[in-house]
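The following exercises invite the reader to work through selected features of a protein model. Each task is followed by a solution in steps.

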Amino acid sequence: MGKTVEKKKKKGKTIATGEENGSCSLEISSVLPGLVEKYESRLNLLDNSQNVASGYCIFRIPAALIKEKKSPYRPQYARIGPLVYYVNISTHKEDQKKSYLASFLFRVKHRTRVEDFILLIIGSLAKIRGCYEKIYYRYQDRKGKIRQNKPVSHESDSLLLIEMILVDAGFILELLLRDYYSKEWRVENDIIFAKSGMLSCLKQELMLLQNQLPFFLLRDIYQLAFSDNPDYPDFPPFLHLTCHFFSHYYNQKIPLQDVLSKKNPHPEYRSKLEETKHFTDLVRTFQQPYSFKKHSINEESQRWKSIIRAKQYFMDLISQKPKEKELEEILEEGKMQGDYLYSAILLLETGVKFKVSLGRCLFDIEFDQRNGELKIPPLKVDNSTESFYGNLMVWEQCYYPNDTFICDYILLMEYLIKSVKDVDLLVRRRIIVNQLGSPDAIVALFNRLSKHIRVEKNRYSDLFMKLNAYNAVRHHGWIAILKLQYFSTPWKGVATIAATILLVLTLIQTICAVISL
């Protein structure tokens, strides 16, 4: 029986064996080198993506957060940087960015050429790439649509990446300059400043974690354009320009002007601002309580190991309940356990008095055990709150896993806010300024923000211990219940006193009647 030819069909394709093996082997041998090269490059790309460089500082938002609610983490107007995968980008908005770039280049054309900026970006390209978790380049397809959905893999892709960085950087710098110099630099019918609320929207979008360019790159381009430029002899340093743009986020006791002045009494804080990684990091530094520690080389190495571990741990977003421990041991170690912390209403019932603090720093929360006063600075809650804190918390957990003061604060507030009654109490005490509308929306907001927080130690652990110790004293609760139930309003107080007097008079009358018998 002669050799037969077997043909198998799989998913609409025919695979030939038998006598056709000879011709197939010739075809495979010609295709094989290309396939090997293709998959080796993909494997190398995947292997390299697992290595975290020391400059790695612009992270993707975990998929679980995006899936739950996308809007707090994605820009609507200005899409900046190569990190995010975009299927479609508005051509109109991209043209507006290019218009700002053209204005920026025109201002410095006598001093700096376009070629100089491109050479600067090329020289920093390796460092720029090292800042991002992933990189997609922006391009215009055959139909004229702008997309950002292909990873950089060839030299031609790098050219598109350079163009993309130049457009985004030029747009940001021109925006900062027009904001700083107000009407002097703005054109008539400005596409951004003429629209009500557009600038505020852009300020919010430019601090989103996924929407960043490295701070050093923007600073270098700015200095190339204006440093020792005779046309602009009194130009402010780039840090001044940036701090002015984001000044509404500043949350320190000392004035920002003092920090930026030449006679700055706080050089450590100034250095911290100058070493910022990007705008998200700058805004976090604006929020950070004024206290800094110097790191040795050894400590810096350990910090990077913590960053890598924290990044992997956070991206997994695995919900795990902490191991069972005694309450005293947990509080001693500063571990966070929501089960052991009371909500605002329950704290009120155990004698805690809520007072609004006059302190500027949002995170300066104090509890006075002598009179049971818990002082909390006011927090405005509006449509931007979730985006603001959500991005800072992701950045904090990825890059500062041992200094999560924003995450700690949000957890504390989430412990206090468990129901609408808790919100109403904090609003009445002026601790929360509700510009969101429904109290239910505030409860849901803090639930979402705290859902994926994974930190080891809470900076408010001492506060938790004091509150639990205060709540353990029974007569504090008795006095609080008496006040809440019988003296919460003037009318209730009058009625309670009247009823007490009536009861005493009735008792005296009864005693007198018994004695007379």
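**Exercise 1: A pair within one helix**

Being three residues apart in helix α3 (residues 91-107), E94 and K97 are separated by about one helical turn. The model is a predicted one.

Task: State which contact E94 forms with K97, and whether the two residues are buried or exposed.

Solution.
1. An α-helix has 3.6 residues a turn, so residues three or four places apart point the same way.
2. The closest N and O atoms of E94 and K97 are 3.5 Å apart. A salt bridge requires such atoms to lie within 4 Å, and E94 indeed forms a salt bridge with K97.
3. Both E94 and K97 are buried.
4. The pair also belongs to a network of salt bridges that links E94, K97, R138 and D168.

**Exercise 2: A pair between two helices**

Task: Determine which parts of the chain the salt bridge of R107 and E174 ties together.

Solution.
1. The side chains of R107 and E174 meet in a salt bridge, with an N to O distance of 2.6 Å.
2. R107 lies in helix α3 and E174 in helix α6 (residues 155-180), so this pair ties together parts that are 67 residues apart in sequence.
3. E174 has a relative accessible area of 0% and is therefore buried.

**Exercise 3: A pair with greater exposure**

Task: Classify D368 and R370 by their relative accessible areas.

Solution.
1. D368 forms a salt bridge with R370, and their closest N and O atoms are 3.2 Å apart.
2. Buried means under 20%, and exposed means over 50%.
3. With a relative accessible area of 23%, D368 is partly exposed.
4. R370, at 78%, is exposed.

**Exercise 4: The two faces of a helix**

Task: Identify the buried residues of helix α4 and the exposed residues on the face turned away from them.

Solution.
1. Helix α4 comprises residues 114-123, and F117, L120 and I121 are buried in it.
2. These residues cover an arc of only 95 degrees around the axis, which puts them on the same side of α4.
3. The face of α4 turned away from this buried side carries the exposed residues L119 and G123.

**Exercise 5: A charged patch**

Task: Name the residues that gather in a patch of positive charge on the surface, and locate R429.

Solution.
1. The patch is formed by K353, K355, K375, R428 and R429.
2. R429 lies in the loop between α18 (420-428) and β10 (432-434).
3. R429 is partly exposed, with a relative accessible area of 30%.

Terms used. Residues numbered from 1 in each chain as written. Predicted model: local features only at pLDDT ≥ 70, side-chain atom pairs only at ≥ 80, totals over all residues. Heavy atoms only, no water. Patch = residues over 30% accessible without salt bridge, like charges linked within 9 Å, V, L, I, M, F, W, Y side chains within 5 Å. Areas by Shrake-Rupley, 256 points an atom, 1.4 Å probe, with all protein chains shown as cover. Lys, Arg positive; Asp, Glu negative; His and termini not counted. Charge placed at Lys NZ, Arg CZ, Asp CG, Glu CD. Helix = DSSP H or I, 4+ residues; strand = E, 2+ residues; numbered from the N terminus. Buried < 20%, exposed > 50% of the residue type's maximum accessible area, 1.4 Å probe, protein only. Arc of directions from axis to C-beta.
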